[in-house]
Amino acid sequence: MQLTLHVTDDCNLNCSYCFVPRGLGRMSQDVAFAAVKLGMQNSNTSGLLFYGGEPLLERQLIYDTVNYAQSVKKETGHNFFYKMTTNGTLLDEEFLKFSKDANLTIGFSHDGHSQDDCRRFHDDSGSYDILDDKISLLLKYQPYAVALSVMDPSTVHNAAETVKFLYSKGFRYISINVNYDEKAPWTAERLSVLENEYKKMAELYIKWTKAEEKFYLGPFDMKILSHLKGENYNKDRRLMALNQPSVATDGKIYPGSRFLNDPAFVIGDVFSGIDFDKQKFIYEKGAVPLEPCSKCAIRTRCNYAYDSLSRFDEEIVPNITPIQCTHEQMITPIADYVAGKLYKDRSPMFIHKHYNDLYPIVSLVEDRSK
């Protein structure tokens with residue numbers, strides 16, 4: 001089981017598109033340690049993802065939790081892996097040395113040259129300048145760190161440039177996500193810009209692949225995977241999500257971060273465990289897509305046809321926003337164009353990356369031998 005630990009509701013940034021409710025909640029050591037024990041159930045390996053708010057506001061709790069898990073490993077032989085998603089502003093060499101020793105991988109949020117448009121401190125000052133040195137320091141210790149970026153209607157015109165910026169800084173794992181908040185002003189004009197930016201990214205993907213560069217660019221690689229997996233794509237995604245619940249600061253457990261603090265989605269707590277009947281109920285609610293989705297040609301490849309749930313009054317029901325639907329219909333043919341072109345050209349890197357099951361292992365061995 002992999003647990004997302006929301007170690008704090010607080011954050012030192014005030015990002016305009018953030019979906020996580022802000023507050024003063026802080027996870028106690030008792031809750032964190034109970035989560036470690038809960039994650040050990042029914043497997044030999046478990047994961048802990050430190051999330052927030054900004055998790056580095058609670059760095060001592062992260063130190064204590066990882067050290068506790070390591071002591072449990074010595075006693076029981078149970079294996080743990082660790083991840084953290086951070087805005088990067090509080091990263092320093094001390095924490096990066098710790099993360100390297102603990103094999104804690106870091107997801108680093110950065111919006112490129114649009115950083116100061118959305119990702120600002122509470123005094124309205126920008127965060128771009130402070131992150132410049134942090135990037136080189138992070139990649140020194142974690143060359144495979146993941147860069148996470150958000151496309152907002154106000155900054156979408158810079159999306160392709162953001163990908164180029166992150167790539168030029170040395171990131172080779174880049175995840176680009178859309179601000180899906182229903183309040184986000186995605187007009188027809190902004191969506192047209194988004195489509196053009198994806199087409200620019202498509203050309204970057206082709207260029208870098210033909211240059212035999214090893215990289216990951218979401219959502220392109222995920223959409224290519226969805227073609228290769230077919231019916232199994234969402235089956236596998238749903239099973240993974242089932243084993244990745246989120247723990248709030250007070251110890252309550254939810255099916256995922258987007259359901260945090262909604263009482264209708266509580267499926268237990270770290271002390272009494274997971275209510276598997278409630279978890280199964282919510283899981284099955286997401287098994288049947290909305291009627292329009294069931295007839296859609298890309299249903300099996302859509303990231304939102306399943307498990308996009310909301311609460312209306314007291315009932316949990318499937319709910320897909322118009323921007324989610326529009327996005328999936330937009331990105332799928334563009335990703336297919338990329339894959340089709342590279343496959344037709346018999347690009348060695350493309351074939352190796354997507355059709356060789358041993359590619360991740362071979363790639364890692366190659367990198368470590370350099």
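1. Let's start at N103, which is exposed, with a relative accessible area of 56%. The cut-off for calling a residue exposed is over 50%. N103 sits in the loop between α3 and β4 (104-109). Its backbone is worth a look too: phi of N103 is near 60 degrees, a positive value in a residue that isn't glycine. Keep in mind while reading that this is a predicted model.

2. E212 makes a good companion to N103. This residue isn't a glycine either, yet E212 has a positive phi of about 65 degrees. You'll find E212 in the loop between α7 (188-210) and β7. Is E212 buried, exposed or partly exposed? With a relative accessibility of 41%, E212 counts as partly exposed.

3. While you're checking the backbone, have a look at two cis peptide bonds. One runs from G52 to G53, with omega near 20 degrees. G53 belongs to the loop between β2 (45-51) and α2 (59-76). The other runs from G218 to P219, with omega near 10 degrees. P219 lies in the loop between β7 (216-218) and α8.

4. Next to that first loop, try Y51, which has its place in strand β2. Setting aside neighbours within four places in sequence, which residues does Y51 contact? The list is T4, L5, H6, V7, T8, F19, V20, T85 and S257. For a sense of distance, Y51 and I130 are 79 residues apart in sequence, and their C-alpha atoms are 21 Å apart in space.

5. Now for helix pairs. Two packed helices are described by the angle between their axes and the distance between the axes. Take α2 and α3 to begin with: their axes come within 12 Å and cross at roughly 20 degrees. That angle makes α2 roughly parallel to α3, the cut-off for this being under 35 degrees. The crossing of α2 and α3 is left-handed.

6. What does the contact between α2 and α3 consist of? On the α2 side there are R59, I62, Y63, V66 and N67, and these meet E94, F95, F98 and A102 in α3. Sorted by class, the contact of α2 with α3 has 6 nonpolar, 1 polar and 2 charged residues.

7. Helix α3 (residues 93-102) also has helix α5 (residues 128-141) beside it: the two axes come within 10 Å and cross at roughly 25 degrees. α3 and α5 are therefore roughly parallel to each other. As for handedness, α3 passes α5 in a right-handed crossing. The residues that meet are E93, L96, K97 and K100 from α3, and L137, L138, K140 and Y141 from α5. By class, these contact residues divide into 4 nonpolar, no polar and 4 charged.

8. Helix α6 (residues 159-169) is the place to look for buried residues: A159, A160, T162, V163, F165, L166 and Y167 are buried there. What covers them? The cover includes α5, β5 (146-151), β6 (173-178), α7 and β7. After α6 comes G170, and its phi is positive, near 115 degrees.

9. Helix α9 (residues 232-242) has a short list to check: Y233, N234 and R238 are buried. Why do these residues fall on the same side of α9? They cover an arc of only 120 degrees around the axis, which puts them on the same side of α9. A general point helps here: an α-helix has 3.6 residues a turn, so residues three or four places apart point the same way. The elements covering the buried residues of α9 include α8 (220-229) and α10 (276-285).

10. Last stop: Q324, found in helix α12 (residues 322-344). Is Q324 buried or exposed? Q324 is buried, with a relative accessible area of 11%, where the cut-off for buried is under 20%. Leaving out neighbours within four places in sequence, Q324 is in contact with Y180, Y304, S308 and N319. There's also a long step along the chain to follow here: Q324 and V178 are 146 residues apart along the chain, while their C-alpha atoms are separated by 8.7 Å.

Technical notes:
Residues are numbered from 1 along each chain as its sequence is written. This is a predicted model: local features need pLDDT of at least 70, side-chain atom pairs count only at pLDDT 80 or more; totals for chains, interfaces and linings use all residues. Side-chain values use heavy atoms; hydrogens and water are left out. Buried means under 20% relative accessible area, exposed over 50%, partly exposed in between (1.4 Å probe, protein chains only). Helices (H or I, at least four residues) and strands (E, at least two) are DSSP runs, numbered from the N terminus. The arc is that of the directions from the helix axis to the C-beta atoms. Contact means heavy atoms within 4.5 Å. Axes are lines fitted to C-alpha atoms, for helices over the stretch in contact, and angles run from 0 to 180 degrees between N-to-C directions. Angles under 35 degrees count as roughly parallel, over 145 as roughly antiparallel, 65 to 115 as roughly perpendicular and the rest as oblique. A crossing is left-handed if the near helix is turned anticlockwise from the far one by less than a right angle, and right-handed if clockwise. Ala, Val, Leu, Ile, Met, Phe, Trp, Tyr, Cys and Pro count as nonpolar, Asp, Glu, Lys and Arg as charged, and the others, Gly among them, as polar.
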